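Here is a short report for a reader meeting this structure for the first time. Please look through the sequence and the model before reading on.

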Amino acid sequence: MALPQVKQDATEARLAALDMPKGGWPEAARKDAMGRVRAMGLPHARDEYWKYTRPDTLVQPEAPEAALFDDGDAPVFGGVDSLKLVFVDGVFDEAASDAAALEHVSIDRLADAPDIHWAKDLYGTLEARGQAPVQRPLAALNTAYASDGVLIHATGRAAKPISLIYRHRSTSSDAILHHVVKIDSGAELTVLESGPAAARFNKVMEVDIADGGTFHHVRVQGRDHERRAATAIFTRLGTESVFKSFTLTANGVLTRNECVIELTGDDAVAHVAGACMGDGDFHHDDTVFITHDALNCESRQVFKKVLRNGAKGVFQGKILVKEGAQKTDGYQISQSLLLDDDSQFLAKPELEIYADDVACSHGSTSGAIDEEALFYLRSRGIDEGPATDLLTIAFLAEAVMEIEDESLQDEINGLVEAWLSRRRG
Amino acid sequence: MGRPCGPGNEKGKQMLEIKNLHVELEEEDKKILKGVDLTVEAGKVHAIMGPNGSGKSTLSYVLSGRDGYEVTEGSATLEGNDILDMEPEERAAAGLFLAFQYPVEIPGVGNMTFLRTAVNAQRKARGQEEMSATEFLKEIRARAKDLKIDAEMLKRPVNVGFSGGEKKRNEILQMAMLEPKLCILDETDSGLDVDAMKLVADGVNALRDEGRGFLVITHYQRLLNHIKPDVVHIMSDGRIVKTGGPELALEVENNGYADILAEVA
C-alpha cells in the first residue's frame, strides 16, 4: 500500500536533512533499515500508536531548539563505581570517558568498529524484528542513520556497571545513537544511562540475552526542560535469562520511551518499570510491547507518573501471549498521581492471549493525593509540603523498587526527593 | 507559636480549654457540636462517653484540625493559645496528639521514616535540634519494646497489613515518641481484645505524668478499668450533659445512657 503523500513528503524531508554514515560492516543493515523507513513512513499524528503523542517535532527535519539547563547538581550515579562513557550531543567524548576496559566485557565504538565485528549479526536485527505487529519507524531511522553508539559484549559477570552519560551542550543538537548489547550465556551486566543528551535525541538499544544471561538497566533522563527524546529498547531473551529495566524521567518537553521485549526461551523474566515526574510543559509516553513466546515466562510492567501544572502522561502497554506460551505470568500496572485538575493521564492497556493456561493481570488508575493519609501525616506534625512529598515518593515506590540494586534505588529516591523539594522552593 | 521548651507545666494548670464550641459539617450544613464546654487540666485524665452520633469523634477531629468542619462559635485553646486557627501540623507542634480511631494505612512510607520525619518536624517547629539517627533508633527501640512492637513492624509501611491491635499499639508508640502535652484517644479500645487493650492501656498509663493531659473518648466503661479517669463526661447531641467522677462510667455500664439522658432532659 502506497504511503499517503503527506507522510511520504514528511519522511523525505527528514531524510534529506540527514547523512548516512558510509562504509564498514553496518552498511548493509543501514540500507535495509532505510528500506523499512521508506516503506513505513515516519510517524504521523493519525497513526494509531501516535494518537496520544504528537510526533511532528520528532519527525521534522531540524531539531527544535532546546535551552541548556545547568542544574548545578552532583552528577547522577556519581556515587556508583562504574565505567563511564561520555557522549556530548551524541558524539563520544574519549577524553571525558574512562578507558573502555572491563573484565569479561568488550566495548567498541559503533563509529570506529573494525570491518569484522560480532555486532554485524545483531545491529538492526532486533529492531527489524520489533517492527511487527506495531511499526516503529523512528527506530528504523535510527538504525539507518545512527552516527555513534557502543557495542557491548559481556562474556561473564561484569564487576561494575557501564555508565553511559549523555551531555547536552548545543541548543540545536540532533543526536542519533544506537547501542548493541550482547549478553552471553551466564553473563551478567548492568548498564546505567543518564543525561539529557541533545536538543533532540533518538536512541535505540538492542539487547540480546542468551540463555541464563542477566541484564539490568537503570536510566535517568536529563532534566533539561526543552529537550525531546524518542528512545527504544529492543530485547530478546533466551531460556532462564533476566532483563530488568527502570527509567526515571523528570522534565523534558517530550519523551517517548518504547520497550519491545520478546521472551523466546522458557522460564525467562522481563521487568520494565518507569517513574516520571512532570511539571507544566511536559509530555511523557511509555509504550511497551511484550511478546511471550515460550513456556513459564514472567513479565512485569510497572509505570507511575506524577503530573502537575498541566503535565501529560501516556501509557500504552501490551502483552501478547502466543499460542503455546503456557504458564505465562504477565503483570501490568500503570498509575498516575494528578496533583491538579489540569494534568492528564491517558492509558491504553492491551492484552492479546492465544494460550489457555496463563495468568495476566492489568490495572490502571488515576488519582489525587489521599486526603486521609495527608491529614494523618500532618496531625503528627509534618508540614503539608513535606507530607505531600512523602506520599508522592510512596506513590512512586512500587516502580523504584523494581530496581534490584538497593544503592541504585537510593540514588533514584534521592533524585526524586531533590526534584520535589526544589518545587517547594 | 509552639510550646515553650523545658519543664514548667504544673499539675492542675489548664491544658485544654473549650468554651461554647459550636461546629457544623461544612458540606451538609448539619450542626454536630452545639456548645461544648470542657477543661482538661495538666496531669488529669478526662473521659468522654456518649451514645453513637453524640459528637465525640467530631470533637476529636475538630481539635486536631481535620478538614470538613466549620466552627461557628466558641473557642478552644491549648495552654492559652488558640488552636482553632492553627494548621494540623502547628497543633501537633504545640503539643496536641490524636490517637485515631481508624489509623490510616500509608503504603510506601516506612513506619520508621514516618516517625522520624514527624519527631524532627516537631522539634524543628519548636526550635529544638533534630534527633540524630542513632539517638532516634535507641529511643524508638526502647519505646517499641514496651509496646511489644517488633523491629519488623517498624520497618513495614505505616499501618499496612497491621492487625487492629497492632495499629492501635502503633498509635501509642507515636504518642510516646512525640511526647505530646494533650493526648486525645478516640475510641482506642475499638477492635481490641482484652489482652491488646491491656497492652495499649499500659502504654498510655506509662505516659501519664503531671505535665500531660488526656482526653479519652470511648463508648464503653471497659477501657476505663485500665486507664483510670479523674473526670467522666457524658456527651449527648453535641453537648456535655453530665460530668462526674469515675463512678459515672460505672453507672453507664450498668444502666446504659437512657437513664442519664432522661435525667438531664
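## A glutamate inside chain A

A:Glu193 sits in strand S7 of chain A, which covers residues 188–195. The model shown is predicted. Is A:Glu193 buried or exposed? A:Glu193 counts as buried, because its relative accessibility is 1%, and the cut-off for buried is under 20%.

The side chain of A:Glu193 has a polar partner. A polar contact of 2.4 Å joins it to the side chain of A:Tyr166. A:Tyr166 is also on the list of residues in contact with A:Glu193, once neighbours within four places in sequence are set aside. That list includes A:Phe77, A:Leu164, A:His179 and A:Lys203. It also includes A:Met205, A:His217, A:Val218, A:Arg219 and A:Val220.

## Chain A as a whole

Now step back to the full chain. Chain A has eight helices and 19 strands. Its radius of gyration is 21 Å, and the globule rule gives 22 Å for 425 residues, so chain A is as compact as a globular protein of that length. Along the principal axes, the C-alpha atoms of chain A fill a box of roughly 65 × 50 × 50 Å.

Of the 425 residues in chain A, 59% are buried. Contacts in chain A with a separation of 6 or more can also be sorted by distance in sequence. Residues 24 or more positions apart account for 85% of them.

A:Asp121 gives a contrasting case. This residue is found in the loop between strand S3 (105–109) and helix H4 (125–129) of chain A. A:Asp121 is exposed, because its relative accessible area is 64%, and the cut-off for exposed is over 50%. A:Asp121 and A:Ala29 are 92 residues apart in sequence. In space, their C-alpha atoms are 9.2 Å apart.

## Salt bridges

Side chains of opposite charge can pair when their charged atoms come close. Over all chains, the count comes to 43 salt bridges. The table gives some of them.

| Salt bridge | Closest N and O atoms |
|---|---|
| A:Glu258 and A:Arg136 | 2.7 Å |
| B:Glu87 and A:Arg378 | 2.6 Å |
| B:Lys198 and B:Asp202 | 3.4 Å |
| B:Asp209 and B:Arg212 | 3.8 Å |

Start with A:Glu258 and A:Arg136, which form a salt bridge. The pair links distant parts of the chain, 122 residues apart. A:Glu258 lies in strand S12 (residues 254–263) of chain A. A:Arg136 lies in the loop between H4 and helix H5 (137–145) of chain A. Are these two residues buried or exposed? A:Glu258 counts as buried because its relative accessibility is 8%. A:Arg136 counts as buried too, at 4% relative accessibility. Both belong to a network of salt bridges that links A:Arg136, A:Arg256, A:Glu258 and A:Asp285.

Chain B has its own pairs. B:Lys198 and B:Asp202 form a salt bridge. They are four residues apart in helix H7 (residues 194–207) of chain B, so about one helical turn separates them. B:Lys198 is partly exposed, with a relative accessible area of 42%. B:Asp202 is partly exposed at 39%.

B:Asp209 forms a salt bridge with B:Arg212. B:Asp209 is partly exposed, with a relative accessible area of 39%. B:Arg212 is buried, with a relative accessible area of 10%.

## Where the chains meet

How many residues of chain A are in contact with chain B? The contact involves 16 residues of chain A and 27 residues of chain B. Between them, the two chains bury about 1,900 Å², with 66% of it on carbon and sulfur atoms. On the chain A side, A:Phe375, A:Tyr376 and A:Arg380 lose the most area to chain B. Together they make up 43% of what that side buries.

Charge and polarity also join the chains. Four salt bridges run between chain A and chain B. One of them pairs the side chains of B:Glu87 and A:Arg378, at 2.6 Å from N to O. Eleven residue pairs are in polar contact between the two chains, with both residues at pLDDT 80 or more.

Helix H6 (371–379) and helix H7 (384–400) of chain A each supply at least two residues of the side that touches chain B. H6(A) gives the most, with seven residues. By class, this side of chain A has nine nonpolar, two polar and five charged residues.

Key. Residues are numbered from 1 along each chain as its sequence is written. Chains are lettered from A and ligands numbered from 1 in the order in which they are written. This is a predicted model: local features need pLDDT of at least 70, side-chain atom pairs count only at pLDDT 80 or more; totals for chains, interfaces and linings use all residues. Side-chain values use heavy atoms; hydrogens and water are left out. Contact means heavy atoms within 4.5 Å. Buried area is the accessible area (1.4 Å probe) that two parts lose on being put together, summed over both. A polar contact is a pair of N or O atoms within 3.5 Å; within protein, one must be able to donate a hydrogen and the other to accept it, and residues adjacent in sequence count only if both atoms are side-chain atoms. Ala, Val, Leu, Ile, Met, Phe, Trp, Tyr, Cys and Pro count as nonpolar, Asp, Glu, Lys and Arg as charged, and the others, Gly among them, as polar. The radius of gyration is taken over C-alpha atoms; the globule rule is 2.2 Å times the number of residues to the power 0.38. Buried means under 20% relative accessible area, exposed over 50%, partly exposed in between (1.4 Å probe, protein chains only).
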